[in-house]
Amino acid sequence: MASAVPSEIERLLTSEPLMAHVATCRNGRPHAAPVWYRYEDGVVELVTSGTKLRNLRENPRVALSIQKDENGDAKGMVSLLGTATVIDDEEATREATRKINRKYGAEEDAWSENVLVRIDVGTASYRTYD
């Protein structure tokens, strides 16, 4: 399936290991936290546990914010809204963990207690700063 995410946004999402902030909501209260991620073909993969995972199991609506900086100066940002699916599959989680950890320079089996979450991107917007 072709991605609805414009190519300029895809380039930013895949260009380097940028930090994302994922926003979840549970019982009417927002929760935002930094995460590592991997993007491919309109889907964001992350592996997580704790509050983020509990929130996503209860409410799959999610927002991600990703910012590119150079020497502390914001150069661009992406905002994604989507629907999360928790993937309770150990092999799929191990594979996603290896890929994400490799992207960020961590040991491939680090944080093995996390669970895979796939986010289907519904809308994407971006802005560059000159």
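**Note on the sheet and its helices**

1. In this predicted model, helix H1 (residues 7-15) lies across four strands, namely S3, S5 (61-70), S6 (73-87) and S7. The helix runs at about 90° to S6. Helix H3 (residues 90-103) also packs on the sheet, where it touches S3, S4, S6 and S7. The direction of H3 makes about 95° with that of S4.

2. The sheet is open and has seven strands in the order S2-S1-S5-S6-S7-S4-S3, with antiparallel pairing. S2 (29-35) and S3 each have a single partner strand and stand at the edges, so one side of each is left without a neighbour in the sheet. On average, neighbouring strands are turned by 30° against each other, direction ignored.

3. At the S2 edge, strand S1 (residues 20-26) pairs with S2 over seven bridges in the antiparallel sense. Within this pair, Ala-23 has Ala-32 of S2 as its bridge partner.

4. Towards the other edge, strand S3 (residues 38-40) is joined to S4 by three bridges, and the two run antiparallel. Glu-40 has Val-43 in S4 as its bridge partner. The two strands form a hairpin with two residues between them. Asp-41, in the turn, has a positive phi of about 50°.

5. Strand S4 (residues 43-48) is also joined to S7 (residues 115-128), by six bridges, and this pair is likewise antiparallel. Here the bridge partner of Val-43 is Asp-120 in S7. Val-43 is thus named in bridges with Glu-40 and with Asp-120.

6. How many of the six residues of S4 are buried? Five are, and the strand is mostly covered.

Conventions: Residues are numbered from 1 along each chain as its sequence is written. This is a predicted model: local features need pLDDT of at least 70, side-chain atom pairs count only at pLDDT 80 or more; totals for chains, interfaces and linings use all residues. Side-chain values use heavy atoms; hydrogens and water are left out. Buried means under 20% relative accessible area, exposed over 50%, partly exposed in between (1.4 Å probe, protein chains only). Two strands pair if DSSP finds at least two bridges between them. Axes are lines fitted to C-alpha atoms, for helices over the stretch in contact, and angles run from 0 to 180 degrees between N-to-C directions. Contact means heavy atoms within 4.5 Å.
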